[in-house]
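Visitor: Please take one part of this protein and look at it closely. I would like the sheet near the C-terminal end of the numbering, or whichever part you can describe strand by strand, and then a word on its surroundings.

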Amino acid sequence: MSQLTEQQREAVYSIDKNVLVSAGAGSGKTHVLVERYIEVLRSNPELTVADIVAVTFTKKAASEMRTRLKARFQALKEESQGEESQRWLLCVADIDGARIGTIHSLCDSILKSFPVEGGVDPKFEVLDDIERAELCEDSINEALRDAISTRNVEHDLLDLFSIDEVKGWLLDILGSSLQFGEVINAMGDTSDESMQERFEKLLLWARKRAVCQIVSDQNWSTALAFVQENPWGAGTDLEIIRQAYAALAEGIDRASLEPTITEDMWSYVYSLHEHPSPGNKGGKDAMELRHRMKDLKSAVEKAVKKVPSGLKETDKEAFHLIRSFISLAKRTVEIYERKKKIVHKLDYDDLIRYTFDALDQPGSPARQHFNDSLRAILVDEFQDTNATQARLVASLAGEKTRLFLIGDDKQSIYKFQGADVSNFNEWKNALCGAPSSVAIDFLQGDKNVIPLNKSFRSHPDLVNGVNAIFADLLDPGADPQIYRASFESLDAHRERVVDTERTEVLFFDSSLTENSEQKKGFETELICQWIEEKVRLQMPIQLKDGSASRPAKFGDFAILVQKNDHFAPLEEALTRHTIPFVTLGGKSFLMRQEVFDIENLLRFLDNEFDSHSLLGALRSPIFSITDDIVHLLVTDAGNPKNPHLWQLLCKVSDEKRPGFEVCRQAVAHLRKLKESAQLRPLGELIREILTLTDYDTVLLSSKNGRQRSRNLWKLVQLATANESLSPGEFARRLSLMREHRVKQADAPLQTDDVVKLMTIHASKGLEFPVVILPFLSSKIDPRYKKLLFHKQYGIALNTDRSVSSSRDKDQNTPSWFQLVKLVDNDMEAEEKKRLLYVAMTRPRDHLALFIDAQTSRFNSFSTWLFDHMVPSDYAGEERVTFDLGAASKVAIRRYEPVPKLPAEVESLAVIEELDEARKALRLDLIEPILDSEAVLRAPTSRRITPGKQGVQLDARLVGTYFHSLMEHMLVRLEKPQRWLFEEVALSQGDWASHPDVVAHLVRQGERWIDKFYDSDLFLLMKNARRRLHEIPYFSYVDEGLEDKRPDLLIEDKDGAWHLVDYKIDSFPIAEIDKQASEHLPQMLGYVRDLRSITGINCTAHLFFANHGVLHKLKSEVLST
């Protein structure tokens, strides 16, 4: 056994205690679980694996635990002798039959052993997904028909909401019937009086939360101190308002320390919210005071705007409809239960419900059996259980049984599947003696809570960074709630290797894009560019044993996303960059286009008159018949009117008509497949389709081709398992599975040296050398729902059907629903914080965070990370490092896309012959200017002082100022305010520090920008796909190193490239061609260099700022 830490030893060896282990990410949780299992057997020689139950979250985890135990038993057998060796050998033989599995497999075995106590048929089966979906649909339809025909109280619900809406809610109830039962039990009476009491109780919570949010606002304390300490003139209007603001804010501060917010305390909040603002009182001298008072009022307004003042008229109707819905839901559940009993089948919730009933009844033989026989119950991932599951497992414990619960509340991310982090927290409180709603008096023996916070996974810099961020992000402040995770810092086990910053923030500006889709494409290009850069520069990856490092390869990278919608733009970008990747998750297997294609073909083979399905198959890569040919086929004058497509296809094939040659091979294949469909089993038929048409091979060249090709062979396996079905029946089954959202994962792929794409949820429990977190600005607020239910608050319905403006959108929303939505949103936000924690604890060596400079203040990962990961004084430099927490270095750099080099010139030293100059040109990597050098500066030792003739500046220095202005225009394309002209002028150095010089530059700059807005360059930049500022590169010539940097490279909306150089030359407009010719050698060099380096053919332009003219250089001149 590997050496255990002190905390791990306590968790493993305290087998005489009931223990809850709070195990941080990467702390060796599974290792501890296995060793605890072994220690129970080692310390009690009379026990066998039959005396222990281990519950895991997934079948995969159960299999892994079983495998680890078998290996440990084998090692113990070899280490020992005699009877002890034989005992471990027996454990090896018995482990395959040990009770190690999911909660559902445990319940299945209990019900099979005690069917009478559970009230089930001993030969019961579990519904498959299709059967369950069909029974749910039938039950819902029957319940709705009853409600409509009887026109009872349930019918009132259908008067306000559509049938489809109500069906969706009832489907949610049937899919989470255990949670719904918990909600109904928790609510009890739903009369108007009880609902009003429940409202008043929840309103107290909402007010307490609002007060806590007010005093924790980042500006509150500073603003309050300033308002208190800066009185204005005695008796003035501003002083009266200041005193009122100070008194009310002080009252709010005091109220935040109280456990309950009374009406008197809330009056401070309401009064400050309604108090008149100071306006412009006090004039310019009082500006700071007014701003601080505004900060106080703003903090109050943000916190209380969603808190209703009391019940409305609409609440009475809402309460009535809640009772109607509960009645309809109960009716639907009863019908569903009856239908399941008819077919002698159970669903997964039934397994838990009936098992719980069997164990909970007085004098239960089932419970007595397990109480007497079990010595240890071990539960993995305890944070992902709910109250019913926890009570069921605990009820198995008898006098000699000890519970061992292990998990991490910071990694509870499955609320949508019924997991409830409050269950973990309640048990944690109970086992450490704190107040709890969980009764554990029946547990014998001592009780303990043990933390595991030694992280064996991540580099110390990553661990310390996570500590710094989540100590703040998970801090409940003055508002602790049972559904929030409590932060416990991690301690890094690995040695700190100081070679490079392990966390890198890639700071980019999405304002260059016009919509969300372009923004995603922009960001995915940056991600691919970063991966290629790190592989090319051989970023160090430390071996797991810490002995050495190796260069990074594609297989080290994992891109973790929040939503399935994020996969598509990433897949497209990775394909464009020819970076190998595999998508683990994402679009359901049943929703893949290749499955639709085979499904269409099967429908046709079952019914040759199904022209729609045949058309889909013909247009797919199976046959690749173009729309033009199909159009000719159906519009040909020689064809009969309204024939079936198959008849037309056979006709032109048999007649060998010119222009339809491609159809002949399709007809030959289809005729052969029609014969096979009558003779071959379904699996062999699809296998023949693939081999005959080479469809799987064709897909290999498409985007995500390896995955799509493998999916076809998974379809063969699925068909083989359903060989009793005809092609048409199998196609209908696929359609039905899709309709009822049956989950089918993509076929597994080898993932050795490919980038992994997966959701954060799918990554839980895994680790990767390098993790990339993209799309951090995605809004995380939950989707709008009209029905909310959870045991934390009960049930709420939004009966508002009006279309209101954003200002008064909640005026018709029931106050009860508003309050419940506050709680639900808070629970969702807390879960998303935990999701971010899971994501940031996956990497072993490196973490890349892509943060948008345009991050908004609504809830998003980017918003939460921005203040920690982007220093307040960061000005967009190329690369700076800063400390995040104790000994955690973070690098942040501005990141922009660069033109991709062709494969043949992607080396650091490429020798090219330039035809014109006949020079040997050695080109280093092209990278955009990303630091302060992007704003060219004059030497700081030079100072310009106006003389008697006024301001006369060096043209080169004025040109620097114009280039700096255009750099700002490149980012926003919005007309700058005057202060920006002044700031850019002052940023040029002390040569521009004199007020007259600044004024002259500002006037000149405003004239230039006015002309720019009327120019063709503005239109070109506005409609561009990409705008790249100053593309620098170096060339080695006979005279030495030459630094070149064209001003602007633009890709227009049609994909053509334009090279632009800025000029501030003064000359008559009639001489523009002559003036342009002076710059021709320079532009010729730029065009040829870029074509040689990047393969891009540019159209060259000069922008003469004083005239506002974009002058295109003639192609024949450039080619001379």
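Guide: What follows describes one sheet first, then the whole chain, and then two further sites.

The model is predicted. The sheet is open and has five strands, in the order β25-β28-β29-β30-β31, with mixed pairing. Its edges are β25 (1026–1029) and β31 (1109–1112); each has a single partner strand, so one side of each is left without a neighbour in the sheet. From one strand to the next, the twist averages 25°.

At the β31 edge, the pairing can be followed to individual residues. Strand β30, residues 1098–1104, runs antiparallel to β31, and four bridges join the two. F1104 has V1109 of β31 as its bridge partner. A helix also lies across part of this sheet: α41, residues 1080–1094, crosses β28 (1048–1051), β29 (1057–1063) and β30. The angle between α41 and β29 is about 150°.

The sheet belongs to a protein with 42 helices and 31 strands. Of its 1120 residues, 53% are buried. Among contacts with a separation of 6 or more, 75% are between residues 24 or more positions apart. The exposed area comes to about 50,900 Å², of which carbon and sulfur atoms supply 49%.

Elsewhere in the chain, helix α1 (residues 6–13) shows how burial can be confined to one side. Its buried residues are Q8, A11 and V12. These cover an arc of only 95° around the axis, and therefore sit on the same side of α1. An α-helix has 3.6 residues a turn, so residues three or four places apart point the same way. The cover over the buried residues of α1 includes two helical and strand elements from early in the numbering, β1 (18–23) and α2 (29–43), together with β7 (402–407) and β8 (447–452).

The other site is a loop residue. N798 is found between β19 (794–797) and α34 (815–840). With a relative accessible area of 2%, N798 counts as buried, because the cut-off is under 20%. A polar atom of the N798 side chain lies 3.1 Å from the backbone nitrogen of D800. Beyond its neighbours within four places in sequence, N798 is in contact with F161, Y784, K786, T813, P814 and F817.

Technical notes:
Residues are numbered from 1 along each chain as its sequence is written. This is a predicted model: local features need pLDDT of at least 70, side-chain atom pairs count only at pLDDT 80 or more; totals for chains, interfaces and linings use all residues. Side-chain values use heavy atoms; hydrogens and water are left out. Two strands pair if DSSP finds at least two bridges between them. Axes are lines fitted to C-alpha atoms, for helices over the stretch in contact, and angles run from 0 to 180 degrees between N-to-C directions. Contact means heavy atoms within 4.5 Å. Buried means under 20% relative accessible area, exposed over 50%, partly exposed in between (1.4 Å probe, protein chains only). Accessible areas come from the Shrake-Rupley method with a 1.4 Å probe; for residues, only the protein chains shown count as cover. A polar contact is a pair of N or O atoms within 3.5 Å; within protein, one must be able to donate a hydrogen and the other to accept it, and residues adjacent in sequence count only if both atoms are side-chain atoms. The arc is that of the directions from the helix axis to the C-beta atoms.
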